[in-house]
Amino acid sequence: MSANAKTMQLAPLSDEQTLQLQKLTDALDVQALHWLAGYAVGRAHALDASGQEQLALSLPAQPAISVDPQQRLVILYGSQTGNGQALAEQYAEQMQTLGVNVLLSNMQDYNIRKLKQERNLLLIVSTHGDGEPPDDAVDFIEQLDAKKAAKLNQLKYAVLALGDSSYPDFCVTGQRIDARLTELGGQRLAECAQADLDIDAVADPWWAGLQPALQQALSNHQTDDQISNNVTRLRPLPEQSQYTRKNPYQAELLTNQTITANPAEKDIRHVELDLGDSGLQYQPGDALGVWATNPKPIVDALLQTTELAGEQAISMDAEEHTLRDWLSSQREITLLSRPFLQAHAQRAKSSADRRAVEALLGDDQRRQLSRLFDTHQLIDVLQRWPADWTAQELVSELRALTPRMYSIASSQAVTEDEVHTTLARVAYQAHGSRHWGSASNYLADLDAGEAASVPIFIDSNPRFRLPDDSSRDIIMVGPGTGIAPFRAFVQHRAALGGAGRNWLFFGAQHFRSQFLYQLEWQRALKNNQLQRFDLAFSRDQQQKIYVQQRMLEQGKDLYDWLENGAYFYVCGDAKYMAKDVDAALHQIVAKHGGKSDQQAAEYLRNLSREKRILKDVY
Ligand code: NAP
């Protein structure tokens, strides 16, 4: 470089920055300069339009031009709620920007026989309920676990496990896959990371920490001139509103209406919010994210039980709030977690209590722990096994509050700048006191007459979408508040027109008090916007009747609809209802399709692969 060039200013840098950059680059060889170019791209990608860093890529990022095209990176995701998919897409896009040849795929769509030829794999997979994998990971795991599974001696991989530590089998699906990949000869690029509900807190450092090893793996056999960018199945980015999970919109509450006739028995609300000029857009199937404030009586009880002063200031992660504020709006206090119980045991006032809590954490006590998580809140644990907590420790050991997701019950084609949802208030008596859920009470207690506003964002769910082809029939099964997205579906299909027929199965305990949106369904039937409607009121007769019984009664027609190309949707309870609906569907296909058990299972697997069986269940 000439002396003149050395002093020339490199816009848009300041004089001082120009000198610093020249000093650095003068000291680098050609390879290091190439690396630096890639690093700069990575940094730029991590900055959003406002110049704020979205992802701290503090470690060396991918060189844009030293990757080997033979070294493609496979990114697989198994995701029930879409969180894993969203992360996988984000990582794929970043790697593509850095010049890496990426294959992005759902685990279900990936041909596992190809895995033995792959060299680099990132796998993101969630765990649900009692340690279950997401539906789209089931086949992959079955084949990976098979005795005759191929050796993976040339594979380098990293697994990001997603889960919820208020379940005993936290992240087991990811852990098992990670262990099996090693067993088959794969080599870890990083330890399996286990992310809790606050996913970013674990995923961001994992991703940044993975970069050096990943970079090394991808640049082994360098052939600079053949770089190809190939990310498959990336969805186009929708036009983004500035309002996101991290920057929620304060939406004005328009309506908060009880839609059950006997709220003491079941209090279900229809809530409408004004999106104003937020620019927020949603599709039928999406969820509404709500940042709630925890119930005040629970916060009061926690302060009283721990004998801690609510007004003391506590600093944590560069934030300062009073203890009361931490408990009200920053920490989970209605859900327990295994790490919290571990910390609690260490602080138990008596050794008997300490032993009792520790016993629950033993590997052989999973069922008892699961039961404890189902039946106890934080306050119950503090009262049952008293412990010495300081305010600082308590804030540090409780999980960060995460937003709650509610299925959206409206179509923007109809409601435009409004978003509607349906929720059941969680409130019950246990251990001698009143208990509440967090967000459902926060929302149910709001008064539309008092200019209340709610911090919200849209949680996109591309895995639960209406067919692109509006001439396709749809079958919807949504007992209880699981009806919510189907109100959006029917609204949307009616607004846009199309020849496809709509068939809805709804269930509730009582016809008189819990027939949600009854008038709307009657109107939709009358207007030929709903072609078939089957109801199961479980407690209006001696024997319980559930939606799956209605499905079985209509089995012949249901099978004909499927054969005719219908899509099948389920929303609601994952633990029992969705499994029973699956079983009923299997029975219907076997009986009316004249198939063996195995053939019926294969038929349904194919429908899932074609994305014609879609679930939104929790
Ligand atoms: P619910 O009143 O508890 O249940 C609705 C109806 O389903 C009742 O008649 C109930 O009967 C019946 N039912 C119970 N077990 C069943 C089974 N194994 N198969 C079929 N039906 C069964 O409903 P909810 O209070 O609205 O709650 C619905 C559930 O869906 C909650 O777990 C909620 O979290 C979940 N949910 C999920 C989503 C989502 O994933 N996006 C959206 C909304 C709701 P009995 O009570 O008489 O037994």
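Helices and strands here are DSSP runs, numbered from the N terminus. By that count, strand E3 covers residues 120-126 and holds Asn120. The model is predicted. The chain has 23 helices and 21 strands. Of its 618 residues, 50% are buried. A ligand is present, with 23 residues around it.

**The chain overall**
- The accessible surface of the chain is about 28,900 Å². Carbon and sulfur atoms account for 48% of that surface.
- Take the contacts between residues at least 6 apart in sequence: 76% of them join residues at least 24 apart.

**The ligand site**
- Thr481, Ser538, Arg539, Tyr546 and Tyr618 come nearest to the ligand among the 23 residues around it.
- The side chain of Ser538 also places a polar atom 2.7 Å from an oxygen atom of the ligand.
- Gln509 has a side-chain N or O atom 3.1 Å from an oxygen atom of the ligand.
- Asp573 takes part through its backbone, where a polar atom is 3.1 Å from an oxygen atom of the ligand.
- On its own the ligand has 920 Å² of accessible area, and the protein covers 78% of this.
- Four elements give two or more residues to the shell: strand E18 (502-508), strand E20 (567-572), helix H22 (577-592) and strand E21 (613-617).
- By residue type, the shell holds 8 nonpolar, 9 polar and 6 charged residues.

**Nonpolar cores**
- In soluble globular proteins, nonpolar side chains tend to be buried together.
- The largest nonpolar core in this model has 33 residues. Leu302, Leu323, Leu327, Ile333, Leu341, Leu372 and Leu378 touch the most other members.
- Helices giving two or more residues to this core include H8 (296-306), H9 (323-330), H10 (338-346) and H11 (351-360). Helices H12 (366-375), H13 (378-384) and H14 (391-397) do so too, as does strand E10 (313-316).
- Ile333 shows the packing at one position. Beyond four places in sequence, Ile333 touches Asn294, Ile298, Val299, Leu302, Leu327, Gln377, Leu378 and Leu398.
- Another core, of 29 residues, lies apart from the largest one. Its members include Trp561, Leu562, Ala578 and Tyr603.

**Buried positions: Asn120 and Ile483**
- Asn120 counts as buried because its relative accessibility is 1%, and the cut-off is under 20%.
- The side chain of Asn120 reaches the backbone oxygen of Arg72 at 3.4 Å.
- Neighbours within four places aside, Asn120 contacts Gln71, Arg72, Leu73 and Val74, as well as Leu155, Lys156, Ala217 and Leu218.
- Ile483 sits in the loop between strand E17 (474-477) and helix H17 (484-496). Despite the loop setting, Ile483 is buried, with a relative accessible area of 0%.
- Outside four places in sequence, Ile483 touches Gly478, Leu504, Phe506, Leu516, Tyr517 and Trp521.
- Ile483 and Leu516 are 33 residues apart along the chain, and their C-alpha atoms are separated by 8.0 Å.

**A partly exposed loop residue: Arg245**
- Arg245 lies in the loop between helix H7 (199-218) and strand E7 (249-258).
- With 29% relative accessibility, Arg245 counts as partly exposed.
- Arg245 touches Leu197, Trp291, Thr402, Pro403, Met405 and Phe457, leaving out residues up to four places away in sequence.
- From Arg245 to Trp291 the C-alpha distance is 8.7 Å, across 46 residues of sequence.

**Positive phi outside glycine**
- His431 is not a glycine, yet its phi is positive, at about 50 degrees. His431 belongs to the loop between strand E14 (427-430) and strand E15 (433-436).
- His431 is partly exposed, with a relative accessible area of 45%.
- Ala451 is another residue other than glycine with a positive phi, near 50 degrees. Ala451 is placed in the loop between helix H16 (439-444) and strand E16 (453-459).
- Ala451 counts as exposed because its relative accessible area is 67%, and the cut-off is over 50%.

Terms used
Residues numbered from 1 in each chain as written. Predicted model: local features only at pLDDT ≥ 70, side-chain atom pairs only at ≥ 80, totals over all residues. Heavy atoms only, no water. Near = heavy atom within 4 Å. Polar contact = N/O pair within 3.5 Å; in protein donor to acceptor, adjacent residues only side chain to side chain. Areas by Shrake-Rupley, 256 points an atom, 1.4 Å probe, with all protein chains shown as cover. Nonpolar A, V, L, I, M, F, W, Y, C, P; charged D, E, K, R; others polar. Buried < 20%, exposed > 50% of the residue type's maximum accessible area, 1.4 Å probe, protein only. Contact = heavy atoms within 4.5 Å. Core = buried A, V, L, I, M, F, W, Y, C linked by side-chain atoms within 4.5 Å.
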